[in-house]
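Thank you all for coming. I would like to take you through one structure today, and I ask you to keep the model on your screens while I talk.

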Amino acid sequence: MMFRRGFILFLPRLVGLLVVACCSMSIVYMLACTPKGDNQQLALPRVHSPTVKEGYEAILQEREEQQRNYIISLKKQIAQLKAELQGRTEQLRNMQNQYPDSLDIQLDHSKPEKAQANLLAFLRSQVDKAEVHSGVKLSTEYAAVPFESFTLQKVYQLETGLTRHPEEKPVRKDKRDELIEVIELAVGSLNKPDGVSKAKPRVYTASDFVEGIYRTEKNKGTLYELTFKGDAKHQFKKIVLFRPFGPVMKVKNENVNMADTLINVIVPLAKRASKFRQFMQNFREMGIQQDGRIHLTVVYFGKEQMNEVKSILENTSKSANFKNFTFIQLNEEFSRGKGLDVGARFWKGNNVVLFFCDVDIYFTAEFLNSCRLNTQPGKKVFYPVLFSQYNPSIIYGHHDSIPSLEQQLIIKKETGFWRDFGFGMTCQYRSDFINIGGFDLDIKGWGGEDVHLYRKYLHSNLMVIRTPVRGLFHLWHEKQCLDELTPEQYKMCMQSKAMNEASHGQLGMLVFKQEIETHLHRQKLSSKKT
C-alpha cells in the first residue's frame, strides 16, 4: 500500500516533467528551423565569381540536409517520450484496477475535511490489520509478539537488558506518560454515560485498575488491554484500546559531506603500555590506513612506563607517516575525567568531533563514520552502546587455541553483551563539550565522570543519540576486587566481575563442571563394557 501511495504521489511529477520535456523539444525544433541572423550566415561566393550558381546550390543542399537530420532526430525523441508516458499511464491504470480500494491519504490542505476523513480511514485500517479482533497465522514460535504487563506501580517486562530488572517502575518518562494516559482514557471511557441505564452510574477511578497488558507491532500500533474491578466480587470491566501508527512521512532529505570532518580521538592513560601497543595496532589499521581523517591525543598521567608509551607512539608515526598526534603529560594522580577534559581543551584548531576513548576499546572505520553522522554542532551528541567481550579463555576454553582478536569480535550472546550501563565512549563536537561545561574535575579515578557529563547533555536542548553500534567493542580484561573494599562493595564488585566473565549458560557449565565430568566418565565406562 505504501508503494502504491508513493507511486500515485510520483505520477503527477512525472507527467509534468514529460510535458516540460516535450515543450523544450518543440522550442529546440523552432530554433533549429529558424534562419540564422545576418552575422551568422554562411559565407557566400562573390558575385563576379564564375562558380556562383554551383556554390549556391551546394550551400542550399547542405542546409537542407542539416534541417532534415534535425527534424528526424527531434521526431524520434518526441516519439520515445510519448511511448514512455503511455507506458506509465498504462502501469498506473493497471495498479488502480488491481487495487480499487487503494487508500488515498494525501493531506490536501485546501480540503481539510477530506484530508481528515482520509487520515481517519487510514488509522482504522491499521486497527483492522493489527492482531486486535482475531489472531493471525505465524510461521514459528519466535514470530509471536509478546505482551508486557503493568500495574499502577510497576511494569513487568521480558526484554530487560543488563541494567533493568524483570519488574521495575516505569522510570522512562515516555513510558510512564504513555501508561498514565492509557489508564486515564480507560477511566474516562468507563465513566461515560451509556444513555440506556437509568440507575446512577458508578464512578470509576484509577484505584479500580487491576492490571493491564500491552504490546507494539512496529508497523501498525500498540494494543492495550486493561482490567478494572467490576460491580461484584468476581466481576471485572475490560477495556481494549489501540494507538494506531500513522503513515510514514518524509521529514528531511539532505546530502551529508563528511570528507573534511576530522575526529580527535582522546585517550587518557596511566601505565598499561602493553594495552596501548594493542590499541595502536587497531588505531593504525582503522584510523590511519582505512579512515585517514583522524587525530590522536594521548593524555598521560605520571612517568612510569611513559617512555615506552611515547616510543610506541613515535614508532607508529614513523612507520605510517602519521603526524596528527598530540602527547600531553600530567604529573598527578590519574583521573579519566581530567584527562579527557584537558585533551579536549588543548585543541586549538577549528571545531572538531571529539571521540572520548579508552585504551581497551576496539573500533572499526565504519564506527568512525557513525561517529560523524550522529553528531552535529549545537544539535546532536552521540552516545553509542558498545559490545562488551566476555573472557576469551572461558568462551574458547574447549577449543585447541583462542582465535585471533579480529575473529573474536563477533556479536553473539555467547561472546559478549551490550554494555547499556556504560556512558564513557561518546562523540560530540568540541564546541558542545565546552558550552556544556565539560567534566566534573572533582571526580577522581575511574567512574562517575561519564554519567555526570551524560546527564548534562540530557538536561540541555541537545539531542542525545543512544543506540547499539556494531563497530565498537570493549575488550575483556581482568577486573580486580581489592581487599580494601567493604563487604558490600566487594560483593558488588564480584557480581560485576561475574557478569563480565561469561554468559549465564557458560557460568552454569563452570558451576556444574564436576557433575558434567562425572557423567561423561560414567558414559565412557558404560561404552567400554558394551
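I will begin with the basis of the model and then go through its salt bridges, its helices and a few single residues.

What we have here is a predicted model, in which local features need pLDDT of at least 70 and side-chain atom pairs count only at pLDDT 80 or more, whereas totals for chains, interfaces and linings use all residues. Residues are numbered from 1 along each chain as its sequence is written, and side-chain values use heavy atoms, with hydrogens and water left out.

On confidence, pLDDT is the predictor's confidence in each residue, from 0 to 100. The protein chain averages a pLDDT of 80, and 77% of the residues score at least 70. Please be careful with residues 1-5, where pLDDT stays under 50 and for which the model has 10 contacts beyond four places in sequence, a contact meaning heavy atoms within 4.5 Å. The other stretch to treat with care is residues 98-107, where pLDDT again stays under 50 and the model has 18 contacts beyond four places in sequence.

Let me turn to the salt bridges, each defined as a side-chain nitrogen of Lys or Arg within 4 Å of a carboxyl oxygen of Asp or Glu. How many salt bridges does the structure hold? There are 15 salt bridges, and I will pick out several of them.

One of them joins E181 to R243, with the closest N and O atoms 3.2 Å apart. This pair links distant parts of the chain, since E181 sits in helix α4 (residues 173-190) and R243 in strand β6 (residues 236-244), 62 residues apart. The helices and strands I name are DSSP runs, numbered from the N terminus, with helices being H or I of at least four residues and strands E of at least two. For burial, I use under 20% relative accessible area for buried, over 50% for exposed and partly exposed in between, with a 1.4 Å probe and protein chains only. E181 counts as partly exposed because its relative accessibility is 35%, and R243, at 29%, counts as partly exposed as well.

A salt bridge also forms between E225 and K238, whose closest N and O atoms are 3.6 Å apart. E225 lies in strand β5 (residues 221-229) and K238 in strand β6, so this pair ties together parts that are 13 residues apart in sequence. K238 has a relative accessibility of 56% and therefore counts as exposed.

In the salt bridge between D360 and R272, the closest N and O atoms are 3.9 Å apart. D360 is in the loop between β10 (353-356) and β11 (361-363), while R272 is in the loop between β7 (263-269) and α5 (273-291), so the pair ties together parts that are 88 residues apart in sequence. Is D360 buried or exposed? At 5% relative accessibility, D360 counts as buried, whereas R272 is partly exposed, with a relative accessible area of 29%.

Before leaving R272, I would draw your attention to its backbone, because R272 has a positive phi of about 50° although it is not a glycine. K271, in the loop between β7 and α5, likewise has a positive phi, of about 60°, and is not a glycine. K271 is partly exposed, at 41% relative accessibility.

To close the salt bridges, R202, D208 and D231 are linked in a network.Next come the helices. α5 and helix α8 (residues 365-373) pack at an angle of about 70°, with their axes 9 Å apart; here axes are lines fitted to C-alpha atoms, for helices over the stretch in contact, and angles run from 0 to 180 degrees between N-to-C directions. The two helices, α5 and α8, are therefore roughly perpendicular to each other, a term that covers 65 to 115 degrees, with under 35 being roughly parallel, over 145 roughly antiparallel and the rest oblique. M286, G287, Q290 and D291 of α5 make this contact with A365, L368 and R372 of α8.

In helix α7 (residues 336-346), the buried residues are R336, G337, G339, L340, D341, G343 and A344. What covers the buried residues of α7? The cover includes β7, β8 (294-301), β9 (325-330), β10, α11 (430-436) and α12 (449-458).

My last residue is N500, which lies in helix α13 (residues 487-501) and is buried, with a relative accessible area of 11%. The C-alpha atoms of N500 and Q389 are separated by 7.6 Å, although the two residues are 111 residues apart along the chain. Leaving aside neighbours within four places in sequence, N500 is in contact with S388, Q389, Y390, N391, F417, R419 and W476.
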